[in-house]
Amino acid sequence: MKCRYSLDDLRYFCIVAHLKSFKDAALALSVPLSTLSRRIRQLEDDLQLRLLNRDAHRVSLTHMGELYYQRSSALFAELDGINDDLHIEKNQPKGKIIISAPINAGSQFLRDIFYDFLLQYPEIQLDIRLSNTLIDIEAQAMDVVFRVGNTVVDNWIARPLKDIHFILCSNSQTVAQSVKHPTDLCAKSAVICQPMSIWQLVNKQNDDAYDFQPSKGIRLELDEIQMLTHAVKKGLGIGYIPDYYALPMIAQGELQHVLPDWQSKARTLFMLYRDRDHLPLRVRLFIEYVLARFEQG
C-alpha cells in the first residue's frame, strides 16, 4: 500500500513519544514548537488515527500510538545504525578496496605497492582482479582501476603514473641483424600478445613512424607478457615486449634487440578513480599512497 504520510513527520512523532514532551522534542530537533505540533497533527490526519493524548502537563500515547511508536522507533534505530556504519566505512581506514589492473603491470609495477600498503593499513583489504580484458568497471563496482593506454571512462579521473615503451626482440643475433627496417618484419615469424596486435614503432633518431600488424608467419597468440617472452626466447618468432621487461634480458644475452633505433610510442600506465570528494577514506589513502610511490620513482 502506498505510503500516505511523511517519514519526517513519523520521525518527529517518535521523538515526541520518546521524550514525552513537545517542548523537549522541539529543542532536540531544533524546530519551532508550533511547527512540531503542526507536523504531528498532519501525521495524525494522514493516518486518520489519534496517536497522542495531550493535556496541559504531559503527553501520553494512545493505544494505536503505542503500536506505531514500537514499530517505527525500531525502524529509525536501524536506520541510525546503518548511518553510523556508513560513516565509519567512509571515514575510517578499514574495509575492502576493489581494484582492477592489467596482469603484467600488476605483477611488475604494482605488486610491492599493494603489499606495502596492506602492511601500513592492517584493517584494509585489497580485492585485486588482474586481467588484460577491458572490463566494465562500473558494472563490477571497481574502486580503483589501472590501465595502460586506454583511459576513456566517463566521470572517472585518470592520473598518469609511468610511461612504457615496447621494443622488438628475437632469440638470436642472426634474426636481429637481418631486420634493417620495419618493412623487413613481413618476412619473419611473429609471436603476438593481445591486445598489442599492432606494433606501433617510432624511430628514436628522426621520429619516423611505422605501424606493423603481423598477418603472416604468426606462430602463437596469447595475452600474457611472461609467456610471450618465453616463446621469443624459444625461437618461435619476433615479439613486441615492454622495455622494462626486455632490456635486462637483452643485457644478459637472453634476448636480442631487433631494430634498436625503433621503439613504440609511449604507452602510459594510468590510475583511474572516482571524484575524490566522495571517496571513502581507505580509497583516498590508497590513491595517495600509489601516487607518492610513483613520484619517488
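Asn155 sits in the loop that connects strand S5 (144-148) with strand S6 (157-164). In this predicted model, Asn155 has a positive phi of about 70° although it is not a glycine. Most residues other than glycine have a negative phi. The side of the chain at this point is open to the surroundings, as Asn155 is exposed, with a relative accessible area of 64%. A second residue of this kind is Asp207, whose phi is near 65°, a positive value in a residue other than glycine. Asp207 is placed in the loop between S9 and strand S10 (209-212), and with a relative accessible area of 61% Asp207 is exposed.

The two strands that flank Asn155 lead to a sheet. Strands S5 and S6 belong to an open sheet of 5 strands, ordered S4-S3-S5-S15-S6, with mixed pairing. Strand S4 (124-130) and S6 stand at the edges with a single partner strand each, so one side of each has no neighbour in the sheet. From one strand to the next, the twist averages 20°. Strands of a sheet pair through backbone hydrogen bonds, either parallel or antiparallel. Here S5 and strand S15 (residues 267-273) run antiparallel and are joined by 5 bridges. Val145, for instance, has Leu272 in S15 as its bridge partner. Helix H9 (residues 281-296) packs on this sheet and touches strand S3 (95-101), S4, S5, S6 and S15. The direction of H9 makes about 45° with that of S3.

Charged side chains add further links, and the structure has 6 salt bridges. Side chains of opposite charge can pair when their charged atoms come close. One of the salt bridges joins Lys96 and Asp127, at 4.0 Å from N to O. Because Lys96 lies in strand S3 and Asp127 in strand S4, this pair ties together parts that are 31 residues apart in sequence. Lys96 is partly exposed, at 36% relative accessibility, whereas Asp127 is buried, with a relative accessible area of 18%. Asp127 also forms a salt bridge with Arg129, in which the closest N and O atoms are 2.8 Å apart. Arg129 is partly exposed, with a relative accessible area of 32%. Lys96, Asp127 and Arg129 are thus linked in a network of salt bridges.

Helix H9 takes part in another such contact. The side chains of Asp116 and Arg293 meet in a salt bridge of 3.0 Å, N to O. Asp116 lies in helix H5 (residues 103-120) and Arg293 in helix H9, so the pair ties together parts that are 177 residues apart in sequence. Asp116 is partly exposed, at a relative accessible area of 31%, and Arg293 is partly exposed, at 23%.

Aromatic rings form a further set of contacts, with 10 aromatic pairs in the structure. Phe166 and Tyr240 are stacked, 5.1 Å centre to centre and with 25° between the planes. This pair links distant parts of the chain, since Phe166 is in strand S7 (residues 166-170) and Tyr240 in strand S12 (residues 238-242), 74 residues apart. Phe166 is buried, with a relative accessible area of 7%, and Tyr240 is buried, with 2%. Tyr240 also stacks with Trp199, at 5.8 Å centre to centre and 15° between the planes. Trp199 belongs to strand S9 (residues 199-203), 41 residues apart from Tyr240, and is buried, with a relative accessible area of 1%. Elsewhere, Phe114, Phe117, Tyr121, Phe146, Phe286 and Tyr289 form one aromatic cluster.

Methods. Residues numbered from 1 in each chain as written. Predicted model: local features only at pLDDT ≥ 70, side-chain atom pairs only at ≥ 80, totals over all residues. Heavy atoms only, no water. Phe/Tyr/Trp six-rings, centres within 6.5 Å; stacked < 30°, edge-to-face > 60°. Helix = DSSP H or I, 4+ residues; strand = E, 2+ residues; numbered from the N terminus. Buried < 20%, exposed > 50% of the residue type's maximum accessible area, 1.4 Å probe, protein only. Pairing = 2+ DSSP bridges. Axes fitted to C-alpha atoms, helices over the stretch in contact; angles between N-to-C directions. Contact = heavy atoms within 4.5 Å.
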